[in-house]
Amino acid sequence: RDAAVRVIARLTKERDEISSRFENVEMNDVPVQVDKVEKMRNVMKSTCDSLTKFRTKKSKIAPAGLATEEHVAKLKPVSTLKSHSTTKPGVSCIDISQGGSHIISGGIDGQLKVARLSQDYTKANVISTLSFHNKRVNDLALVERKGLLVSCSSDKTAVIWGSEGETVSTSTLDYENLKARHVIKEHSKSVISCPVHPSQDYVATISSDGMWAMTDLAVG
């Protein structure tokens, strides 16, 4: 408990220091768009307040449908999908849709494969191959409420995928027709992670160059 308290105190101090730096930034030095920063701050605060309230009430109640320890112990392979390149073999990351109907895998070959799962999960068929990255895909994340997919790579980029012509706020995820909508080029080295904010409005790209960037999923 004491260790946890010390970690929380350190993170709080770091947060306050970063916040102080933002508040003291000279607008002539960094072209910060105040309205966008303020919008992002408001969205994050609202989401944080909502999640905190929920977690406080539900912290001791297991989510409905949560797998039991006994169920997990009985899991075994029922299907194998070998869809990535054999010259550069290896799956580096995966994500699965909330309803369990689709699975997306990122490979060392730089490609993303979209597969549809059968209702009993015993079969998986590749329905789409997404090609943009020219190096290993390090991370990916589905943003189903916005109809988007995000991936990042050792090629220094991250990509926001979606259906062409769709409005992000109202679109649904069209797994068979995903296209590269926006390319994020904010880093000088490999982008190693791309977690999506719980609001599903922003994605953070984290790089081995020691920097991170926040991007609005709607505009890239």
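Modeller: A residue is called buried under 20% relative accessible area, exposed over 50%, and partly exposed in between, with a 1.4 Å probe and protein chains only. The model is predicted, so local features need pLDDT of at least 70 and side-chain atom pairs pLDDT 80 or more, whereas totals for chains, interfaces and linings use all residues. Residues are numbered from 1 along each chain as its sequence is written, and side-chain values use heavy atoms, without hydrogens and water.

Colleague: Why is Gln200 called buried?

Modeller: Gln200 has 14% relative accessibility, and buried means under 20%; therefore Gln200 counts as buried.

Colleague: What makes the phi of Gln200 worth noting?

Modeller: Phi is positive there, about 60°, although Gln200 is not a glycine. Most residues other than glycine have a negative phi.

Colleague: What makes Tyr121 partly exposed?

Modeller: Its relative accessibility is 43%, which lies between the limits of 20% and 50%, so Tyr121 counts as partly exposed. Tyr121, too, is a residue other than glycine with a positive phi, near 65°.

Colleague: Why is Trp212 called exposed?

Modeller: Trp212 has a relative accessible area of 54%; exposed means over 50%, so Trp212 is exposed.

Colleague: What makes Ile192, Ile206 and Trp212 a patch?

Modeller: Patches are made of residues with over 30% relative accessible area and no salt bridge (a side-chain nitrogen of Lys or Arg within 4 Å of a carboxyl oxygen of Asp or Glu). Like charges are joined within 9 Å, and nonpolar side chains (Val, Leu, Ile, Met, Phe, Trp, Tyr) within 5 Å. Ile192, Ile206 and Trp212 form a nonpolar patch on the surface, with about 300 Å² of accessible area together (Shrake-Rupley method, 1.4 Å probe; only the protein chains shown count as cover).
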